[in-house]
Amino acid sequence: MPKAQETVLEINLSALGHNYNYLKSKVNTSVKLMAVVKAFGYGSDSVMVAKELQTLGADYFAVAYTSEGVRLRDENITTPILVLHPLANAFKELIERCLEPSIYSLKTLREFIATAQTLKQKEYPIHLKFNSGLNRLGFNEKDVPEMYSLLKNTTAVKVTSLMSHLVASEDHNLTDFTHNQISSFVSFTEDFKTEFGYMPMRHQSNTSGILNFPEAHFDMVRSGIGLYGYGNSLTEDLALKPIATLKSVISQLHNIPKGSSVGYNRGFIADRTTVSATIPLGHADGIGRQYGKGKGCFIVNGKKAPILGNVCMDMTMVDVTGIECQEGDEVIIFGAYQNASEFAKGAQTISYEILTSVSVSYTHLTLPTSDLV
């Protein structure tokens, strides 16, 4: 077993390129691709990922907040960047850094127009978000008349895209709901075209929408989780390559006699002689307590080692009984032998949560393109 020195998150840019090209192959050549790099690039490294995707030809980036977009601009990312959830206190900085806001309510529209006018902007690009059923962010139908009025009474902004978000594009039991969402969005965009005499770019599809609903590709699609190697179905997971491998190290081994316990609150009591391995990461690093008591497992020497007792703040103990290993040996949390989706299932959660929970303090390594493919 390889010897390790610390906990690291390895990022495979070759796998990222594979995923990007696979997703691009699912849409017409005229359809743009917006790469979602929010949440530190889904827990990887947003700057590293964005630089590679910019080289590959991504048409747009999407981040959650203005500060994320500013960080990309500071690292020489010149591709257009959409801020999905901009807040009014950052509107001035957003404009100064040439970021583009998703405008989702009458309040945000009024506030952004006011800021744009104060900064003497002319036709600053904005994206209007229509609520087609997610009920999270977005204009509702009752807002449309006043929204139109506000837009017609200013030259400070211009709508560059109309957007919405699918609720359950990965769930075949909710196909009718998704079709209703698509129809609702189409109706909104056609009404906008009638009112203003032009059709902005339209985008509604997330990764599962790209894969399952070609009628919703429109002018641009957005991909987050797919770029990082997960397609929300077994078939698509096999076609994609996870870009991140989280590795750590065995700090110490213990022989636990029958009847002795491991961890806080005696979360595990041995019913036989047990060998435990202590790994230097815990719930402060994204491995939540919900993975404790055997609901999650790490990979040691190619074999599954169930978590013993409760996960600690910065340490986790696993059962390595019968597994040949030594202190200093490498441990894989997700990557080879089990991907993030498989790891997350034990705690009845999803890959998104474990990926975005990983501590950003870890060393990030870019592997040679020949590795880990």
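What follows is a chat between a student and a tutor about a predicted model.

Student: Let's start with open space: how much of it lies in the largest pocket?

Tutor: In this predicted model, the largest pocket holds about 660 Å³ of space. Its lining is made up of 27 residues, and those nearest the centre of the pocket are Lys-38, Tyr-42, Leu-84, Arg-136 and His-165.

Student: And which helices and strands supply at least two residues of that lining?

Tutor: At least two residues each come from helix H2 (38-43), helix H9 (207-212), strand S9 (220-223) and helix H12 (351-357). Sorted by class, the lining of the largest pocket has 13 nonpolar, 9 polar and 5 charged residues.

Student: What about the second largest pocket, how much space lies there?

Tutor: The second largest pocket has about 540 Å³ of space. It is lined by 24 residues, with Tyr-230, Asp-237, Pro-242, Asn-339 and Ser-341 closest to its centre. Two or more lining residues are given by each of helix H10 (234-239), strand S10 (244-249), helix H11 (340-345) and H12.

Student: Which element gives the most to that lining?

Tutor: That is H11, which contributes 4 residues to the lining of the second largest pocket. By class, this lining divides into 12 nonpolar, 8 polar and 4 charged residues.

Student: Switching to closed spaces, how many cavities of 30 Å³ or more are there?

Tutor: The count comes to 1 cavity of 30 Å³ or more, and the volume of the largest cavity is about 30 Å³. Its lining consists of Gly-41, Tyr-42, Ser-44, Tyr-228, Tyr-230, Ile-243, Ala-244 and Leu-355. Of these lining residues, 6 are nonpolar and 2 are polar, while none is charged.

Student: OK, now the nonpolar core: which residues touch the most other members of the largest one?

Tutor: The largest nonpolar core has 103 residues, and the ones touching the most other members are Leu-53, Phe-112, Leu-128, Met-147, Phe-298 and Phe-334. Helix H1 (residues 13-24) provides the largest share of this core, with 6 residues. There is also a second, separate core of 7 residues, including Ile-256, Val-262, Ala-270 and Met-317. As a general background point, nonpolar side chains in soluble globular proteins tend to be buried together.

Student: Leu-53 sits in helix H3, so which residues of H3 are buried?

Tutor: In helix H3 (residues 46-56), the buried residues are Ser-46, Val-47, Met-48, Val-49, Ala-50 and Leu-53. The N-terminal end of H3 is capped by Asp-45, which has a side-chain oxygen 3.2 Å from the backbone nitrogen of Val-47. Just after H3 comes Gly-57, with a positive phi of about 110 degrees.

Student: And helix H4, what covers its buried residues?

Tutor: The buried residues of helix H4 (residues 66-74) are Thr-66, Glu-68, Gly-69, Val-70, Leu-72 and Arg-73. Their cover includes H2, H3, strand S3 (60-63), strand S4 (81-83) and helix H5 (91-96). Following H4 is Asn-76, where phi is positive and near 70 degrees.

Student: Which residues other than glycine have a positive phi in the loops further along, say Phe-218 or Gln-348, and where is Phe-218?

Tutor: Phe-218 has a positive phi of about 50 degrees although it is not a glycine, and Phe-218 lies in the loop between H9 and S9. Gln-348, which is likewise not a glycine, has a positive phi near 55 degrees, and Gln-348 is found in the loop between H11 and H12.

Student: Is Phe-218 buried or exposed?

Tutor: Phe-218 counts as buried because its relative accessibility is 16%, which falls under the 20% cut-off. Gln-348 is exposed, because its relative accessible area is 78%, over the 50% cut-off.

Student: One more loop: what does the side chain of Thr-154 make a polar contact with?

Tutor: Thr-154 is in the loop between helix H7 (144-152) and strand S7 (157-163), and its side chain makes a polar contact with the side chain of Gln-117 at 3.2 Å. A polar atom of the Thr-154 side chain also lies 3.0 Å from the backbone nitrogen of Ala-156. Leaving aside residues up to four places away in sequence, Thr-154 touches Ile-113 and Gln-117. Thr-154 is buried, with a relative accessible area of 11%.

Methods: Residues numbered from 1 in each chain as written. Predicted model: local features only at pLDDT ≥ 70, side-chain atom pairs only at ≥ 80, totals over all residues. Heavy atoms only, no water. 1 Å grid on protein atoms, 1.4 Å probe; cavity = no way out; pocket = protein on both sides within 12 Å on 5 of 7 lines; lining within 4 Å. Points joined across faces, edges and corners; volume = space filled by probe spheres on them. Nonpolar A, V, L, I, M, F, W, Y, C, P; charged D, E, K, R; others polar. Core = buried A, V, L, I, M, F, W, Y, C linked by side-chain atoms within 4.5 Å. Buried < 20%, exposed > 50% of the residue type's maximum accessible area, 1.4 Å probe, protein only. Polar contact = N/O pair within 3.5 Å; in protein donor to acceptor, adjacent residues only side chain to side chain. Contact = heavy atoms within 4.5 Å.
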